[in-house]
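Please look over the sequence and the structure below before reading on. The paragraphs after them go step by step, so it helps to keep the view open.

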Amino acid sequence: MKKLLIIAAMLLVAAAAGAQGLTPVKLNEPNKDRGASVMKALNDRHSTREFSTEKLSLQDLSDLLWAANGINRPDGRRTAATARNNQDIDVYAIMEEGAYFYDAKKNELTPVAEGDYRALIADRQASVLDAPVSLLVVSDVLRFTGLDAEMQKQWGALDAGIVSQNIMIFASGCGLVTVPRVYMNSEEIKKVLNLTETQIPMINNPVGYRR
Ligand SMILES: Cc1cc2nc3c(=O)[nH]c(=O)nc-3n(C[C@H](O)[C@H](O)[C@H](O)COP(=O)(O)O)c2cc1C
């Protein structure tokens, strides 16, 4: 417990330093011709909690993010549906060098905080620490206007689940492994990413190559 508190304090000090040392990661165009058939990807989908520490190639990272919540139509709509097309979902990539916001319009990862925050995602589930990237799915429930707080949270959770499923099917069909997870240190993650009260970390998917 004491050790965890010390790690959390160190992470917060690092977060206070911001993202100065990081530069945006320009992503590749998604390769839309890869992968197994949808039926095979569904057949092979399963949760994996052990990962190789090998970093994802830029193409795999680019394709993963596009599959998760990229833009797939000229009007800006996404690979993942959202209730009323309110587009409440933001995806963050938490990697060894830092935490990044996935900017689907620019097709790039925008630095948010320098440092390795994967421990905040793993929380007490140490085995997922090896994954080179964890995708954090955040719903900004403020984008649901005219709903009470309970409904906002419910719709946000549903939209987040769809993004997580996109990640799982992509991983299954394209040679990666993942697990959907609700456990994480949400309070500290919110501080590191500078999230507002209405931006709720809903689910995370550590992703990597099979160990
Ligand atoms: C909403 C949701 C939250 C989950 N949270 C966790 C988690 O925090 N940690 C974990 O190891 N697995 C988590 N899982 C994975 C489930 O344990 C897993 O999907 C289930 O055991 C079925 O196995 P399968 O995914 O291989 O079919 C979660 C799954 C879902 C759908």
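What follows is a walk through the sheet, a helix and the ligand site.

The model shown here is a predicted one, and a good place to begin is its sheet. Seven strands make up this open sheet, and following the order E1-E4-E3-E2-E5-E7-E6 leads from one side to the other, with antiparallel pairing. Strand E1, residues 25-26, and strand E6, residues 177-178, stand at the edges with a single partner strand each, so one side of each of them is left without a neighbour in the sheet.

Starting from the edge at E1, the reader meets strand E4, residues 108-114, which pairs with E1 in the antiparallel sense over two bridges; in this pairing Val25 has Leu109 of E4 as its bridge partner. E4 also pairs with strand E3, residues 98-103, again in the antiparallel sense, and here there are six bridges, with Phe101 having Thr110 of E4 as its bridge partner. E3 and E4 form a hairpin with four residues between the strands, and in this hairpin Asn107 takes a positive phi near 50°.

At the other edge, E6 and strand E7, residues 199-208, are joined in the antiparallel sense over two bridges, and Val177 stands opposite Gly208 of E7. Helix H5, residues 149-173, lies across E6 and E7 as well as strand E2, residues 89-95, and strand E5, residues 133-140, and the helix runs at about 10° to E7.

Which residues surround the ligand? They are Arg45, His46, Ser47, Arg49, Gln125, Val179, Pro180, Arg181, Val182, Tyr183 and Ile203, and this shell divides into five nonpolar, three polar and three charged residues.

Some of these residues can be followed down to single atoms. In the side chain of Arg49, an N or O atom is 2.6 Å from an oxygen atom of the ligand. For Val182, by contrast, a backbone N or O atom is what lies 3.0 Å from a nitrogen atom of the ligand, and a backbone N or O atom of Tyr183 lies 3.2 Å from an oxygen atom of the ligand. On its own the ligand has 610 Å² of accessible area, and the protein covers 55% of that area.

Definitions and conventions:
Residues are numbered from 1 along each chain as its sequence is written. This is a predicted model: local features need pLDDT of at least 70, side-chain atom pairs count only at pLDDT 80 or more; totals for chains, interfaces and linings use all residues. Side-chain values use heavy atoms; hydrogens and water are left out. Two strands pair if DSSP finds at least two bridges between them. Contact means heavy atoms within 4.5 Å. Axes are lines fitted to C-alpha atoms, for helices over the stretch in contact, and angles run from 0 to 180 degrees between N-to-C directions. A residue is near a molecule or strand if one of its heavy atoms lies within 4 Å of it. A polar contact is a pair of N or O atoms within 3.5 Å; within protein, one must be able to donate a hydrogen and the other to accept it, and residues adjacent in sequence count only if both atoms are side-chain atoms. Accessible areas come from the Shrake-Rupley method with a 1.4 Å probe; for residues, only the protein chains shown count as cover. Ala, Val, Leu, Ile, Met, Phe, Trp, Tyr, Cys and Pro count as nonpolar, Asp, Glu, Lys and Arg as charged, and the others, Gly among them, as polar.
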